[in-house]
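Welcome to a short tour of one protein model and its bound ligand. Have the viewer open as you read, and we will go from one helix out to the rest of the fold.

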Amino acid sequence: MRTAICPGSFDPVTLGHLDIIGRASLLFSRLIVAVSLNPTKNPLFSPEERVEMLKEVLAPFPNVEVDLFNGLTVHYAIERKAKAIVRGLRVISDFENEFRMALTNKKLACHLETIFLMTKAEYSFISSTTVKEIAAFGGSVRDLVPPQVEQRLIDKLRSKSS
Ligand code: ADP
């Protein structure tokens, strides 16, 4: 079985993430979407909420699993017997960070490949951060996230402000 992991914060999952996951799911027999418990970020949604939303929107993909992980991505990838780490690339500014991360991961685990999928042009500007900012100021995120996530965002921001 050819397994890959697609790690990230997914706070929350956007249409940009979904596009990358959908395309990567065609390249591997099993794709594990791995929500990172990165303590340096200050997420809006709890890890469990992020997993729940991912499971809901990824239900139509039979070879995609959702999981949580802590610690180094390469350790998790090895534990799950993955051959590759899949990342999405948006704009030039993503490149420097992704390049550094891919080289570091290669140093730590030389048999693991990092594979980059180029974003679709219409999703190139979407990030979870932008989506949260738009929603926080009452803007519509309808074309940026799956419908279930739009409602969860509205509910979450409402519960935080009350
Ligand atoms: P991280 O905090 O690890 O960057 P993110 O949830 O922000 O986690 O992103 C997870 C992965 O999805 C990353 O590889 C990122 O480049 C990719 N990604 C995020 N948004 C998009 C998008 N709009 N198009 C393509 N890839 C994206």
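## Helix α1 and its surroundings

Let us begin with a helix: in α1, the buried residues are L15, G16, L18, D19, I20, I21, G22, A24 and S25. Please keep in mind that this is a predicted model. Since 9 of the 11 residues of α1 are buried, the helix is largely enclosed by the rest of the structure. The cover over these buried residues includes β1, β2, α2, β3, β4 and β5.

What caps the N-terminal end of α1? That role falls to T14, where a side-chain oxygen lies 3.2 Å from the backbone nitrogen of G16.

## The sheet

The strands form an open sheet of 5, in the order β3-β2-β1-β4-β5, and their pairing is parallel. At the edges are β3 (64–69) and β5 (113–118), each of which pairs on one side only. From one strand to the next, the twist averages 30°. Helix α1 (residues 15–25) packs on this sheet and touches β1, β2, β3, β4 (84–89) and β5, with its direction at about 120° to that of β5.

Another helix to pick out is α4 (residues 92–108), which lies across β4 and β5 and runs at about 170° to β4.

## Strand β1

Strand β1 (residues 3–8) runs parallel to β2 (residues 30–36), and 6 bridges join the two. Within this pairing, I5 has I32 as its bridge partner in β2, while C6 stands opposite V33 of that strand.

Is β1 largely enclosed or open? It is largely enclosed by the rest of the structure, because 6 of its 6 residues are buried. Going along the strand, T3, I5 and P7 point one way and A4, C6 and G8 the other way, and all are buried. T3 makes a good close-up: this residue of β1 is buried, with a relative accessible area of 2%. Leaving aside neighbours within four places in sequence, the contacts of T3 are F28, R30, I32, R80, K81, A82, K83 and A84.

## Nonpolar cores

The largest nonpolar core holds 34 residues, and those with the most contacts inside it are I21, L31, V33, L54, L58 and V86. Two or more residues each come from β1, α1, β2, α2 (47–57), β3, β4, α5 (128–136) and α6 (147–161). Of these, α1 gives the most, with 5 residues.

For a closer look at one member of this core, select L54, which touches F10, V13, I21, V33, V35 and V66, not counting residues up to four places away in sequence. Apart from the largest core lies another of 11 residues, with I5, A34, A82 and I85 among them.

## Backbone details in two loops

The loop between β1 and α1 holds F10 and also P12. A cis peptide bond joins D11 to P12, with omega at about 0°. In F10, phi is near 50°, a positive value in a residue other than glycine.

K81 also has a positive phi, about 60°, although it is not a glycine. This lysine lies in the loop between α3 (73–79) and β4. Which of these residues is buried and which is exposed? F10 is buried, with a relative accessible area of 4%, as a residue counts as buried under 20%. K81 counts as exposed at 65% relative accessibility, because the cut-off for exposed is over 50%.

## Around the ligand

How many residues surround the ligand? There are 14, and the closest are S9, F10, K41, G88 and Y123.

Several polar distances are worth displaying in your viewer. An N or O atom in the S9 side chain is 2.7 Å from an oxygen atom of the ligand. For R90, an N or O atom of the side chain is 3.3 Å from a ligand nitrogen. I126 takes part through its backbone, where an N or O atom lies 2.9 Å from a nitrogen atom of the ligand.

Technical notes. Residues numbered from 1 in each chain as written. Predicted model: local features only at pLDDT ≥ 70, side-chain atom pairs only at ≥ 80, totals over all residues. Heavy atoms only, no water. Pairing = 2+ DSSP bridges. Helix = DSSP H or I, 4+ residues; strand = E, 2+ residues; numbered from the N terminus. Axes fitted to C-alpha atoms, helices over the stretch in contact; angles between N-to-C directions. Contact = heavy atoms within 4.5 Å. Core = buried A, V, L, I, M, F, W, Y, C linked by side-chain atoms within 4.5 Å. Buried < 20%, exposed > 50% of the residue type's maximum accessible area, 1.4 Å probe, protein only. Near = heavy atom within 4 Å. Polar contact = N/O pair within 3.5 Å; in protein donor to acceptor, adjacent residues only side chain to side chain.
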